[in-house]
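Student: Could you walk me through this one? I'd like to start with helix packing and then look at the empty spaces.

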Amino acid sequence: MDIGLELTPERLARLEWAAPFVTASVAAIAEAEGIDDVPDSPRTTIPVRDEQCSVVPEVTEPYGLGVVEAAVAIRRGQLLPAELLASCLTRIERTQPALRAFVRLTDDAARTQADLAGQQPPTGVLHGIPFAAKDLIDTSNVATEYGSAAFVGRVPPWDATVVSRIRSAGGILVGKTATHEIAYGVSTPAVHNPWDPDRMASGSSGGSAATLAARQVPMALGTDTGGSLRLPSAFCGTSAIRPTFGLVPRSGVMTLSASFDVVGPMARSARDCLMLLRVLAGDPPAELVSPAADLRQVRVGLADVATQHEVAVAETLRSLGAQIIEVTLPPLPITQAAASVLVFAEAAAEFRPHLKRGAEFTEDIQAFLEAGLGVPVADFLHAQRVRNAIKRDYANLLGEVDVLLLPTSPVTELPHGVSSHDGVPLIPVLTPYTFPASFTGLPAIAFPCGFSRSGMPVGAQLMGPAHSEALLAAVVDAYQQETDWHTRIPPL
């Protein structure tokens, strides 16, 4: 395999381990159909309306409030931003040693900003609301090191666009959350799951999901290449939206795979996720609202890979008026294999300059980056054509139903610290249900829908046409009004 780098004995050993994963993905799509034209994605025509939010639930401590709930309380004068922040910081101090969700805090600056916010009328929908940002997202004069020793000491001079937009809406940065190194993995090894510290939080946005589940902050930022917003949300019992590709600007956010990467909102409810998404997309609402739709107009496609948990979600939605239609997804092994070829190649190209200058990453990531340099151009181009065919198939399917309901992960829990399952690296193990949205660029929302027999959260996801985020959130919000999975608090 020609990778354009000196083939040292160490590098040859890494290639011997990693190259078969690349060649297996290439072989898996060798006979798959590919097309040249990118089909148009269908658009939803189901209206989604904004409903005013005015209820603040009773909670023991302010840290238990969601985004919209806390914002309503602040606007009414029932809660000061400094009081909310102090409650969150106390919660962080108590739970951080067990979870290690944060890699650095900005508590002093946050206190100053909260005090100022308390002296001013609300200037945006997120006025006085604390948030955390994944350590891939630039924050002015606060280290952003991508979870990697190769980038230690990297301090950006300005905020990523998404951080600027949250600050403009009144949000207060509390700190940076742990990520799997350069987001090239799905375990976030440093982070422990709030529901059981001996279990994995998943990743790569594991720090953000864990901090939300632990009620350390009400909202956070994550990124998603092949499932990194949705998988940790499923493992930790929280919610997240992977937006339509290109909806949210990525300026100031590390790139892993340019045609897959998105930045997205993470929170505990669909309503809060959509509120944050609207801010990130540059279209914040003037008032505090939640999405609502007439579910009698919604056709839910129950995927052939659904488990008892998704079937239960479907029955709840049916009781609310939705029509449930059983559907067969386009071939998941082809989708995952073609996506893997592209991510291998794109990530390798992105980090090639760092490899050439001798930057060192953890062994498995180094191996995948080096193996990705050997993807032949012809195979890369064929994977793109297969992608077009899969996009066509999902466009056709989403002409028959309005949203797709499927699991988030085929595995709902894993021990902390593992890097493989039955000898297979975790990325191919955990991503068969998350890659379809990543591969097609379509939006998806992850949300909790139950618990396993051992007491760990289980997550489902809804996937929809391009720019259907409001509909997805409205459907899940309707489900969350009927269930309490998203309100459960881990026994920390």
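**Helix packing, cavities and pockets**

Tutor: This is a predicted model, and in it helix α1 (residues 9-28) packs against helix α11 (residues 363-372) at an angle of about 70°, the two axes lying 8 Å apart. Because angles of 65 to 115 degrees count as roughly perpendicular, α1 is roughly perpendicular to α11.

Student: What is the handedness of the crossing of α1 and α11, left-handed or right-handed?

Tutor: The crossing of α1 and α11 is right-handed.

Student: And which residues make the contact?

Tutor: On the α1 side the contact is made by R11, R14, L15, W17, A18, A19, F21 and V22, while α11 brings E363, D364, Q366, A367, F368, E370 and A371. Sorted by class, the contact of α1 with α11 holds nine nonpolar residues, one polar residue and five charged residues.

Student: OK, switching to holes. How many cavities of 30 Å³ or more does a search of the whole structure find?

Tutor: The search finds two cavities of that size. The largest has a volume of about 60 Å³, and the second largest has a volume of about 30 Å³.

Student: What lines the largest cavity?

Tutor: Its lining consists of L136, A183, T223, T225, R250, V253, M254, L256, D261, V262 and V263, which divide into seven nonpolar, two polar and two charged residues.

Student: And which residues line the second largest cavity?

Tutor: The second largest cavity is lined by R271, L274, M275, R278, V289, S290 and P291. The elements that give two or more residues to this lining are α8 (270-280) and β10 (289-292), and α8 gives the most, with four residues. By class, the lining of the second largest cavity has four nonpolar, one polar and two charged residues.

Student: Now the pockets. What volume does the largest pocket have?

Tutor: The largest pocket has a volume of about 800 Å³. It is lined by 33 residues, of which P57, E69, R271, H486 and T487 are the closest to its centre.

Student: R271 again, then. Which elements supply at least two residues of that lining?

Tutor: R271 does appear both in the lining of the second largest cavity and among the residues closest to the centre of the largest pocket. As for elements, β1 (49-52), α2 (67-75), α8, β10 and α15 (469-482) each supply at least two residues of the pocket lining, and α15 gives the most, with six residues. The lining of the largest pocket has 13 nonpolar, eleven polar and nine charged residues.

Student: How much space lies in the second largest pocket?

Tutor: About 420 Å³ of space lies in the second largest pocket. Of the 27 residues lining this pocket, the closest to its centre are S340, F344, I427, P428 and F435.

Student: Which elements give two or more residues to the lining there?

Tutor: Those elements are α1, α10 (332-356), β15 (424-425) and α13 (426-430), and α10 gives the most to the lining, with six residues. Helix α1 therefore comes up twice in our discussion, since the helix that packs against α11 also gives two or more residues to the lining of the second largest pocket.

Student: How many of the residues lining that second pocket are nonpolar, polar and charged?

Tutor: The lining of the second largest pocket divides into 18 nonpolar residues, nine polar residues and no charged residues.

Conventions:
Residues numbered from 1 in each chain as written. Predicted model: local features only at pLDDT ≥ 70, side-chain atom pairs only at ≥ 80, totals over all residues. Heavy atoms only, no water. Axes fitted to C-alpha atoms, helices over the stretch in contact; angles between N-to-C directions. Parallel < 35°, antiparallel > 145°, perpendicular 65-115°, else oblique. Left-handed = near helix turned anticlockwise from the far one by under 90°. Contact = heavy atoms within 4.5 Å. Nonpolar A, V, L, I, M, F, W, Y, C, P; charged D, E, K, R; others polar. 1 Å grid on protein atoms, 1.4 Å probe; cavity = no way out; pocket = protein on both sides within 12 Å on 5 of 7 lines; lining within 4 Å. Points joined across faces, edges and corners; volume = space filled by probe spheres on them.
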